[in-house]
Amino acid sequence: MTTPVRRRLGPLVELGGPVLLVVAAGLVATVVSRSTQIYVLQAIVAVAMVVAIYVFIGNSGVLSFGQISFVAVGAFTAGVMTVPLALKGAILRDLFPILRDHELGNIASLALAAGVGAVLAVLVGLPLMRLSGLAAGIATFAVLEITNNLLREWTAIGPGATTLSLVPQTTGPGQATVGVLLVIGVAYAYQRSRFGRRLRATREDPAAAQAVGISIHRQRLGAFVLSGALCGFAGGLYVHMLGSISTGQVYLELTFLTLAMLVVGGMTSLWGAVVGALSVSALDSFLAEAERGALPNGSRLVVVGALMALILVLRPSGITGGKELRL
């Protein structure tokens, strides 16, 4: 195949590979039993979360433990705003009036979840995006801890330490697939844009990037906010898939699993994010079922952690090599 043809088909292949994997998973979800379907849906929604995290970590090279904070606020925003109004006043009496007295539809709640995630990312990112390395990791972990405590203790914005229930379960195979394809499309458009290229330049050689006039803080902040919006949207899909949610479901375990997915697949490519999310989700679901039988509780996290460590030792760039799918 000639070089010009490769160049023309290259972008289609890069985007087409992740899209086909997600569409295939969505089709599988329509034909399996209900007990199996929930695992497939969890894998598809996990792709949205991991791709959203990849937008910042993969392009900037800055490790963040706080992206699940935006998933959490997105999930609780979409959940609280879609609980039926007739029941909300009885089960969530302490909410701010603007939250207690209004109800949104499914699509509007997802858009609001993305907006809240973006706003929180702006507030957090303005000071933190000047940090790099270990300092950035510790600071973003602090954001995760603060967000979790606010959601767990402040009953004016949610159910507090109790479970938020009665959320409409609208994330079926169709909505999950379309939602994830939207996230993938936005992530791909960003990484192909001049903003994505500038951010990757700061990842590869910060001094050289600054020398040609690229603002590291501005580029990181832009990716952080976009990642926050996509994480919030993924959180909305997540809560509408489960129908209920608690703060524990969007805290340390989900942070560990999504980062493991990104590391295993290859954190510097969109293809790696999708492959890692689907493959680790499949392993996690298999082990979750095995824990109901022969395996002791907690075995799945031990195995996933061991797999991540093995990948980091033997193939630090992940199973895709951190590269996009090529012809």
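The exercises below work through selected features of the structure above, each with a solution in steps.

The model is predicted, so that local features need pLDDT of at least 70 and side-chain atom pairs count only at pLDDT 80 or more, while totals for chains, interfaces and linings use all residues. Residues are numbered from 1 along each chain as its sequence is written, and side-chain values use heavy atoms, with hydrogens and water left out.

**Exercise 1. Determine how α13 and α14 are oriented towards each other.**

Step 1. Locate the two elements: helix α13 covers residues 270-291 and helix α14 covers residues 299-314, where helices are DSSP runs of H or I with at least four residues, numbered from the N terminus.

Step 2. Take the geometry: the two helices pack at an angle of about 150°, and their axes are 8 Å apart. The axes are lines fitted to C-alpha atoms over the stretch in contact, and angles run from 0 to 180 degrees between N-to-C directions.

Step 3. Classify the angle: under 35 degrees counts as roughly parallel, over 145 as roughly antiparallel, 65 to 115 as roughly perpendicular, and the rest as oblique. Helices α13 and α14 are therefore roughly antiparallel to each other.

Step 4. Add the handedness: the crossing of α13 and α14 is right-handed, a term used when the near helix is turned clockwise from the far one, whereas left-handed means anticlockwise by less than a right angle.

**Exercise 2. Find which residue pairs with R300 in a salt bridge, and establish whether R300 is buried or exposed.**

Step 1. Apply the rule: a salt bridge requires a side-chain nitrogen of Lys or Arg within 4 Å of a carboxyl oxygen of Asp or Glu. By this rule the count comes to 7 salt bridges.

Step 2. Identify the pair: the side chains of R300 and D284 meet in a salt bridge at 2.6 Å, N to O. This pair links distant parts of the chain, with R300 in helix α14 and D284 in helix α13, 16 residues apart.

Step 3. Assess the surroundings, where buried means under 20% relative accessible area, exposed over 50%, and partly exposed in between, with a 1.4 Å probe and protein chains only. R300 is buried because its relative accessible area is 15%, and D284, at 13%, is buried as well.

Step 4. Extend the picture: E253, D284 and R300 are linked in a network of salt bridges.

**Exercise 3. Describe the salt bridge between E153 and R152, and the accessibility of each partner.**

Step 1. The side chains of E153 and R152 meet at 3.3 Å, N to O.

Step 2. E153 has a relative accessible area of 54% and is therefore exposed, whereas R152, at 27%, is partly exposed.

**Exercise 4. State which residues form the nonpolar surface patch, and place F96 within the chain.**

Step 1. The patch consists of F96, I98, I146, L150 and W154, which together have about 510 Å² of accessible area.

Step 2. Patches are made of residues with over 30% relative accessible area and no salt bridge, like charges being joined within 9 Å and nonpolar side chains (Val, Leu, Ile, Met, Phe, Trp, Tyr) within 5 Å. Accessible areas come from the Shrake-Rupley method with a 1.4 Å probe, and for residues only the protein chains shown count as cover.

Step 3. F96 lies in the loop between α4 (85-91) and α5 (97-100), and its relative accessible area of 37% makes F96 partly exposed.
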